[in-house]
Amino acid sequence: MRALLACVLGALLAAPLAAQRTAREIVDHVDRMLRGSSSRGEITMEVVTAHWQRSMDLAIWSLGTEYALIRITAPSKDAGTATLKAGTEIWNYLPRVDRVIKLPSSLMGQAWMGSHFTNDDLVKESRIIEDYDIAIGYEGARDGVAVWEFVLTPKPDAAVIWGRIEEQVRREDMMPTWAKYYDERGELSRTITFSEFRRLGGRLVPAVMTVVPTDKPDERTVIRYRNLEFDIKLTPSFFSLRQLRSGAE
Amino acid sequence: MPASPWWRIGWRNLGRNSRRTVLTATGLAVGYWSVVVITGMADGLVADMVRTATGILSGQVQAHAPEYLPDRTLYETIGGAEGTDVPALLHAVEAEPGVLGAAPRVYAGGLVSSGATTVGVLLLGVDPAREDSVSRLAAALVEGRLPTPGARELLIGRELARQLDVAPGGELVVVAPAADGSLGNDLFRVSGLYATGIAELDAGTAVGPLAAIQELLALAPGRVHEIAIRIGDPWAAPGMADSLTRRLSAAGAGPIAVRPWTTFRPELVDYANLSSGSMWIVVLIVFAMAVFGVANTLLMTTFERRREFALLLALGATPGGIVRAVLAEAVALGVISILLGVAITVPVLVWWHHDPIDLSRLFGDFTMAGALVRPVLRTDYPLSMCFYAAGALLLTALLAALYPAYRATRVPPADTLAGR
Amino acid sequence: MSDSPAAAVRTDAVWKIFEHDGIAVEAVRGVTMSVAPGEFVVLAGPSGSGKTTLLNLFGGLTRPTRGRVWIAEQEISDISERRLAQIRLERLGFVFQAYNLLPVLTARENAEFSLLLRGTPEAERRQRVTALFERIGIAGLEDRRPGKLSGGQQQRVAVARAVVGEPALVLADEPTANLDSASSDALLEVMVQLNQELGTTFVFATHDTRLMERAKRLIHLVDGAVASDTRR
């Protein structure tokens, strides 16, 4: 009798925990989707502002959450400019002056290469599930598509720049459709929409990500993955300052 | 004799004990003197502080594109994306009477890096030759020299140099998002170091020649963000801003916003207001003390004249008439005191304005905000306080007379006239 | 009580009791009397007989403890200070023993003081004072301050001030007390003359025998009550 009661109680208590784990798992899955244990890709980044618009081709390598290297390959004026993340350090290589400079962590929130992405977006320091509490804000159909909508709230001691993130994920294929980023005052700061879900490197991924800053709705940055490989053979030694500069050749 | 005898009685009563009148009036006049002279000194100090604070970098008046402030966007240059004829604009500004100097500037957020250390800074592009007529950056130079016009050289704060571990002659990578969307980056050489004592300037600003910074930022030579202007009298800045706006609009400089320091350095206005607010406390203290002295004198006077008040009452004067006679005497005393006060105040104001009190023998010279400051107290002319203090003095005399006047109306006529 | 339908001053059983250190002093004890217009009345009696207090009651300078007082048939016993001031201004003239004049005003300014308070136009004030000074023998002293006048001259200015507004009643308390006999006689002559020529009503409180001799009606007061009332 006693054992039975314990089982019922245990099941009741376990139910919300199971749901929470599910939410965490889904968000973590989306977070890691474009990264894998290691990856290599080619990207076109198009930036549109009120004053100019430009397009850059990037090559990108990553290994876990610790290492990343991004190098501009076109246009030729900027080719070779590269950013390296190794552990907690960020380095930039400027081929025009042939110098490597180290960025302090205080600049992680700054725009990367004039785009609407921050340095932090490109070289994610940590996994989302480590910094945020995740709750399901909505579960059901949106425009006839079954989705989850998660609400990500920073953990009390997490060093993150957002006050809140909302993210919509399609139930059917676990593809993210949009993410909304709110500042500390709770005001919407930017929206990322995901589109063109395709198979790249053997995985279904959103091949296009569009960032629109809320205060400048006419501006945007569009990232388009041209190709992507996952779980390739990379070692930490690849992410070196020498490798950072090597694009100059 | 005028229709009401009270004013004449009050006025003539003052002359009956002229020594006491002179003493009381002197007391009030000295009160007036101290209030006005202290205010003049405080105003002089505030003006000096404003001159010092705005003289380091900002200038007393600034001209920008209308949309430049508060966001200080790179693209909002004077004259828009086409820029403007900067020498013509400077010429027009300097044609305004009272303008002592004008200097063009560009601003941008950027990074300076010595390689191992990178710091986010405010990049400031200046015309080194003109900057000297507006700001005291050159005076704040502590090592090396000013950047050479056109050269890729930077003048940086001593604290920034310490963080970057560079010395004059050293090399820095400067990176800044340029106006064309590219990442402006170039090598600059440190020409010199400055120290102003202001943290954001010493640790967060790098100053380069206008042309070199414009090139880094992909800005054409005609594109500047700011014309900083120095004028003589800081309090003339708001009026100067208005007339410059009219002049520059008439000169066809396009949409331009000219602002006085009172707008872009509101904390200095707060300080000035605090200073003048505290002057009112001085006024209150000085005249509150005076009230009792004057009241005492008038109380004695009215006691000595109680038979006259009794007589006036017997003759059919109303208590109101008696009150008026005493108040008239107080007002007459106040007027004499004001005249005396002005007579002893104006010469001192003029003297200490033209020959300021030099405290350097007491304290020595000191440097403040990177500039050598002589501790001299140049008094300003506190015109409005001259009037306010006169008003306060009259009010003091009237307040002091209220109780004696009341006492005068309470004299019992029969007993007093009988000598009882 | 009904000597005349329009008495200059009239009292009905008027009492004045002062408190001095807890002791009640009955200065005036139930005086009922009346003074007709044009009378020249002397209140006589030894010190403490209550003559000055009675005079002050007539002039509204002291309020009665009991009883009533009328000036020109206007009761003044219990009216406001303001109204009383107006009655003094319009109906009464005062001449005191001393301190009669305001030292900061000239003889003319002192004399025309009540006219000024009444709002009499300047031309009329000037004309009246000049005529009066002429009549009482102090012409030419108009612009002197009291300090530059003799005692007799000062009292004449005081008399001029008292009569200049043609009051119903002039009350004079020992007007000659501080004057030598020649000045006293001259002042007395002026007042007799004004009484005869202008019909001004005078009531004196005095123990100056020469003044008593000139009285048309002599009232003796003893211990605050009328002992005798003689008309000549």
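**Close-up views of the contacts of chain B**

**View 1. Where chain C meets chain B.** In this predicted model, the contact between these two chains draws 21 residues from chain C and 19 residues from chain B. On the side of chain C that touches chain B, at least two residues are supplied by each of three elements of chain C, namely α1 (51-58), α2 (81-91) and α4 (113-118). It is α2(C) that gives the most to this side of chain C, with six residues. When the residues of the side of chain C that touches chain B are sorted by character, 12 are nonpolar, five are polar and four are charged.

**View 2. Where chain B meets chain A.** Here the contact is built from 18 residues of chain B together with 20 residues of chain A. Two or more residues of the side of chain B that touches chain A come from each of β3 (118-126), β6 (171-177) and β7 (183-194) of chain B. The largest share of this side of chain B belongs to β7(B), which provides four residues. By character, the side of chain B that touches chain A holds eight nonpolar residues, eight polar residues and two charged residues.

**View 3. Inside chain B.** The secondary structure of chain B, the chain that appears in both of the preceding views, amounts to 15 helices and 14 strands. Of the 420 residues in chain B, 47% are buried. If one considers the contacts in chain B between residues at least 6 apart in sequence, 80% of these contacts join residues that are at least 24 apart.

Conventions: Residues numbered from 1 in each chain as written. Chains lettered and ligands numbered in written order. Predicted model: local features only at pLDDT ≥ 70, side-chain atom pairs only at ≥ 80, totals over all residues. Contact = placed C-beta atoms within 7 Å. Nonpolar A, V, L, I, M, F, W, Y, C, P; charged D, E, K, R; others polar. Buried ≥ 20, exposed ≤ 12 C-beta atoms within 10 Å, placed from the backbone.
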